[in-house]
Amino acid sequence: FTRNHHLKIPMMGESSMQSLVNVHFRTNDTLSELLLSRNRDDAAMLHFTYNSQLVGAFVCHDGKKGEWVLQIPFFPPFQTMEED
């Protein structure tokens, strides 16, 4: 339960601020080592891609294990999972 629920404070505004499709994946050892070797001192957690086919944010959860999530914005009711 959230603090608002516990204190019986009603939510104001939109119920959903953003809709995302989350794609969890793991890189192989070779790619993980390459990504870590390029950013040893200041490894970034977030990497963004913007092009005509995809807009998304790559989120590094564990660089040594190669664990990532790609977050892709989704805009209902303008998009559907079946068609987009």
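Visitor: How much area does the chain expose, and what share of it do carbon and sulfur atoms supply?

Guide: The chain exposes about 7,600 Å², and carbon and sulfur atoms supply 55% of it, the areas coming from the Shrake-Rupley method with a 1.4 Å probe, where for residues only the protein chains shown count as cover. This is a predicted model, in which local features need pLDDT of at least 70 and side-chain atom pairs count only at pLDDT 80 or more, while totals for chains, interfaces and linings use all residues. Residues are numbered from 1 along each chain as its sequence is written, and side-chain values use heavy atoms, with hydrogens and water left out.

Visitor: How many aromatic pairs does a search of the whole structure find?

Guide: The search finds two aromatic pairs, a pair being rings of Phe, Tyr and Trp (its six-membered ring) whose centres lie within 6.5 Å, with planes under 30 degrees apart called stacked, over 60 edge-to-face and the rest tilted.

Visitor: Why is the pair of F25 and F58 called edge-to-face?

Guide: Its centres are 6.2 Å apart, within the 6.5 Å limit, and the angle between the planes is 90 degrees, which is over 60, so the pair counts as edge-to-face.

Visitor: What makes F25 partly exposed?

Guide: F25 has 27% relative accessibility, and because buried means under 20% relative accessible area and exposed over 50%, with partly exposed in between (1.4 Å probe, protein chains only), this value counts as partly exposed. F58, at 26%, also counts as partly exposed.

Visitor: Why is the pair of F48 and Y50 called stacked?

Guide: The centres of F48 and Y50 are 6.3 Å apart and their planes 15 degrees, which is under 30, so the pair counts as stacked.
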